[in-house]
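Visitor: I should like a close look at a single part of this protein, followed outward into its surroundings. Please keep the account connected.

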Amino acid sequence: MKRFLVVGLLALLFGVVFAAPTGEDNETIPEDDECPEECPEECPEALGCVAGKKMDRCGCCEVCANMEGDLCDLRGDDRVFGECGKHLECRPNVDSAEDGEVPDNICFCKSSEDMCGSDGVTYGNICQMITAAFHSKTPIKLEHKGPCKTAPFIRTGPEALKNKTGGNIVLSCEVHGFPIAVVEWLKDGTSLMPGDDMHVAVQARGGPEKYEVTAWLQIQDLRNTDQGTYTCVGKNSYGSAEASAFLEVLPREGETYPEPSEFALADEAPDNWENEWDDDL
């Protein structure tokens, strides 16, 4: 008898636990059930509602409203998925539908304008900022519309490479920041200016993300003198960032690099160097 009593108490306990609100999915009426003739006298409290609260499909109890990206019901449709929350609207997701398919209806933020939060983070819209504040449990205020002004940082830097003489290489670098960063390349600390060397090309374009620049350095017909450390530097009015990688140039099979000339250093030139020039003249 005691064993049956204990089992019954455990079942009751776990039944209560499993039925407790989950925070972001507090549907009080199962989707397949019909609405009751009379609403319950007491409703479970809807907890963890990021996008606010709405009445359930039967109009009896408050439930969590749907968030950005959730499935939703258009006005006039049967109530199945629920309503979108504050700052959100239900629209067909035409971008995700393949040819001939009926698109799903999901919640979109009414605003698509970037927002700068008081935490220094740029959010894609006001809905994302509200969600971030909810999950961080820290108030985030709107500093201003548009992206936050920040110093650049290197999202993806160049990688170390090696290739043989006569080969081609490409180094790339992604720099994020606002105002948009200006990117330049250095070799062993010296700036590489476009046009200085015809076998070296520098290019840049915006992307792949907002407020980013991707820069490339291409070297064709590698020479042994191209070996060195290459640095990508991004700058704007708020600061700079850089990342470096080493390029190793290997001789082809059977090829050897020439030794430095005895005239490479001035202190190695012969004493009669000037007289030899005079004789030639």
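Guide: In this predicted model, a convenient place to begin is E184, which counts as partly exposed because its relative accessibility is 29%. Its side chain meets that of K235 in a salt bridge, with an N to O distance of 3.6 Å. E184 belongs to strand β11 and K235 to strand β15, so that this pair, 51 residues apart, links distant parts of the chain. K235 is likewise described as partly exposed, because its relative accessible area is 43%.

The two strands that carry this pair also take part in the interior. Both β11 (182-187) and β15 (228-236) are among the elements giving two or more residues to the largest nonpolar core. That core has 17 residues, and those with the most contacts inside it are W185, I219 and L247. The remaining elements that give two or more residues to it are β10 (169-178), β14 (212-219) and β16 (239-250). In soluble globular proteins, nonpolar side chains tend to be buried together.

Strand β15 also holds one end of a covalent link. C173 and C232 form a disulfide in which the sulfur atoms are 2.1 Å apart. The torsion about their S-S bond is about -80°, and the disulfide is therefore left-handed. This pair links distant parts of the chain, since C173 is in strand β10 and C232 is in strand β15, 59 residues apart. C173 counts as buried because its relative accessibility is 1%, and C232 counts as buried because its value is 0%. Strand β15 thus contains K235, a partner in a salt bridge with β11, as well as C232, a partner in a disulfide with β10.

A further salt bridge involves strand β16, another contributor to the core. K162 pairs with E248, and their closest N and O atoms are 3.7 Å apart. K162 lies in strand β9 (residues 161-164) and E248 in strand β16, so this contact ties together parts that are 86 residues apart in sequence. The two partners fall into separate accessibility classes: K162 counts as exposed because its relative accessibility is 56%, whereas E248 is partly exposed, with a relative accessible area of 28%.

K187 and D188 form another salt bridge through their side chains, at 3.3 Å from N to O. D188 is partly exposed, its relative accessible area being 48%. A search of the whole structure finds six salt bridges, by the criterion applied here.

Apart from the largest core, which has 17 residues, lies another core, of 16 residues, among them M67, C72, C84 and I126. Elsewhere, L71, V80 and F81 form a nonpolar patch on the surface, with about 230 Å² of accessible area together. F81 lies in the loop between β2 (62-64) and β3 (88-92), and it counts as partly exposed because its relative accessibility is 40%.

Strand β2 also contains a disulfide partner. C49 is joined to C64 by a disulfide with an S to S distance of 2.1 Å. With -75° about the S-S bond, this link is left-handed. C49 lies in the loop between α1 (2-18) and β1 (53-55) and C64 in strand β2, so the pair ties together parts that are 15 residues apart in sequence. Both C49 and C64 are buried.

For the opposite handedness, one may turn to C109 and C127, which are joined by a disulfide with an S to S distance of 2.1 Å. The torsion about their S-S bond is about 85°, so the disulfide is right-handed. C109 is in strand β4 (residues 105-109) and C127 in helix α2 (residues 126-136), 18 residues apart, and the pair links distant parts of the chain. C109 and C127 are both buried. The disulfide count for the structure comes to nine.

The wider setting may be stated briefly. The protein chain has three helices and 16 strands, and 29% of its 281 residues count as buried. Among contacts in the chain with a separation of 6 or more, residues 24 or more positions apart account for 52%. The accessible surface of the chain comes to about 19200 Å², of which 52% belongs to carbon and sulfur atoms.

Note on methods: Residues numbered from 1 in each chain as written. Predicted model: local features only at pLDDT ≥ 70, side-chain atom pairs only at ≥ 80, totals over all residues. Heavy atoms only, no water. Patch = residues over 30% accessible without salt bridge, like charges linked within 9 Å, V, L, I, M, F, W, Y side chains within 5 Å. Areas by Shrake-Rupley, 256 points an atom, 1.4 Å probe, with all protein chains shown as cover. Salt bridge = Lys/Arg side-chain N within 4 Å of Asp/Glu carboxyl O. Helix = DSSP H or I, 4+ residues; strand = E, 2+ residues; numbered from the N terminus. Buried < 20%, exposed > 50% of the residue type's maximum accessible area, 1.4 Å probe, protein only. Core = buried A, V, L, I, M, F, W, Y, C linked by side-chain atoms within 4.5 Å. Contact = heavy atoms within 4.5 Å. Disulfide = S-S within 2.5 Å.
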